[in-house]
Structures are given as C-alpha cells and as structure tokens.
Amino acid sequence: QAQGVSHVPQDVTLPAAFDGPVNPVATLSGVDGSYPAWARGAGTTANGFVVSAEEDASLDAEVQHIGEPVDYFVFDDVAALSSAPLRPVLETLTVELTNNARTLTLSQGYDNPVVIGFVASENSVDPVNVLVRDVT
C-alpha cells in the first residue's frame, strides 16, 4: 500500500527489484476526497512505478486531490496472465451494493485471489468506498 497519494505524481518504490518493468494494478482505497477519483499510473521501472489520484472534473475544473492510500499489486512477466496452458486469471462482476455486507462467490477457484472493488455510479455527494474482506 502506498500512503498519501494525491494529484501530484508519487514514486512507489517496491521492496525488491523485479527483472524488468512491472505491471501494476492499483486502486484508491481511501475516502478522504469529496470528489470521485481513481488511481492513475504514469510509468514503471523494475524498482517501482508512478501513481497519482486523478480527480473527476465534471463538476468543476479544480482537480487537486487530498492524499489517500492506494492499494496495488504488481507482476513483471506478461506470461503470468497469458501462458499456456490457459487458466482463468480474472473475472468481472457487477452488483448493486448497499451499506449491508454482502457475500459474493467467484465462478472459478484461484490460488491467491485478489479482489478490487470499484464504485461505478454516483447516487449522492457523499464519498463511497467498497470494503473487501475475508477473501478466500
């Protein structure tokens, strides 16, 4: 997890270097900003990557965003997602969520599942974040 990621690009240094440039998958995991925002990448190396919080500009042109945590995982071998024999590596799901906990079941089994939740709609001006826990 990277802390304090704002609208200013921030270098994320990985605890160990990879063989080549990494492929990060990242998402904002805080709810401190008052406008919708998402993680935006801007370059990678074998030692890390650059990320910032890109804020929605549909309500106004101001895009400064308060620092928030960003959760991420990286891989450096593109074959990790496409090597033979083919195996399921991801799936997507669209659900309607409320403030009540909900159990979701993946259609495939995974060795070490990673789940990223994203709110794709705005029903209020209040910030919303998806809490994912107990992934098995």
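**Exercise 1. The overall layout**

In what order do the elements of the protein chain run from the N terminus on? Work it out on this predicted model, then look at burial and contacts.

*Solution.* Start by counting: the chain has six strands and zero helices. Reading from the N terminus, that gives β-β-β-β-β-β. Next, burial: 17% of the 136 residues count as buried. Finally, take the contacts with a separation of 6 or more; 65% of them link residues 24 or more positions apart.

**Exercise 2. Who pairs with whom?**

Work out how E1, E3 and E6 pair, and then do E4 and E5.

*Solution.* Begin with E1 and E6, which run antiparallel and are joined by two bridges. To pin that down, pick Val5: its bridge partner in E6 is Glu68. Now move to E3 and E6, an antiparallel pair with six bridges. A handy marker here is Ala26, whose bridge partner in E6 is Tyr72. E6 therefore appears in both pairings, since two strands pair if DSSP finds at least two bridges between them.

Then turn to E4, residues 37–44, which pairs with E5 in the antiparallel sense over six bridges. The link from E4 to E5 is a hairpin of three residues. For a reference point, find Ala39, which stands opposite Ala53 in E5.

**Exercise 3. The nonpolar core**

Which residues make up the largest nonpolar core, and which element gives the most to this core?

*Solution.* List the members: Ala2, Val5, Val12, Leu14, Val22, Leu28, Phe49, Val51, Ala53 and Val70, ten residues in all. Sort them by element, and strands E1 (2–5) and E5 (48–55) turn out to be the ones that give two or more. E5 gives the most, with three residues.

Now zoom in on Ala53. Setting aside neighbours within four places in sequence, Ala53 is in contact with Val5, Ser6, His7, Leu28, Trp38 and His65. Val5 and Leu28 are in the core list as well.

**Exercise 4. The second largest pocket**

Describe the second largest pocket, and say which element gives the most to its lining.

*Solution.* First the volume, which is about 370 Å³. The lining has 16 residues, and those nearest the centre are Thr27, Ser29, Asp71, Val115 and Ile116. Two elements give two or more residues to this lining: strand E3 (23–28) and strand E6 (68–75). E3 gives the most, with four residues. By residue type, the lining divides into eleven nonpolar, four polar and one charged.

**Exercise 5. Thr27: buried or exposed?**

Place Thr27 in the fold, decide whether Thr27 is buried or exposed, and list its contacts.

*Solution.* Thr27 sits in strand E3. Its relative accessible area is 17%, so Thr27 is buried, the cut-off being under 20%. Leaving out neighbours within four places in sequence, Thr27 is in contact with Ala39, Pro69, Val70, Asp71, Ile116 and Gly117. Of these, Asp71 and Ile116 are also among the residues nearest the centre of the second largest pocket.

**Exercise 6. An odd backbone angle**

What is the phi of Asp134, and is Asp134 buried or exposed?

*Solution.* Find Asp134 in the segment after E6. Its phi is positive, about 55°, although Asp134 is not a glycine. That catches the eye because most residues other than glycine have a negative phi. For the second part, Asp134 has 69% relative accessibility, so Asp134 counts as exposed; the cut-off is over 50%.

Methods: Residues numbered from 1 in each chain as written. Predicted model: local features only at pLDDT ≥ 70, side-chain atom pairs only at ≥ 80, totals over all residues. Heavy atoms only, no water. 1 Å grid on protein atoms, 1.4 Å probe; cavity = no way out; pocket = protein on both sides within 12 Å on 5 of 7 lines; lining within 4 Å. Points joined across faces, edges and corners; volume = space filled by probe spheres on them. Nonpolar A, V, L, I, M, F, W, Y, C, P; charged D, E, K, R; others polar. Core = buried A, V, L, I, M, F, W, Y, C linked by side-chain atoms within 4.5 Å. Buried < 20%, exposed > 50% of the residue type's maximum accessible area, 1.4 Å probe, protein only. Contact = heavy atoms within 4.5 Å.
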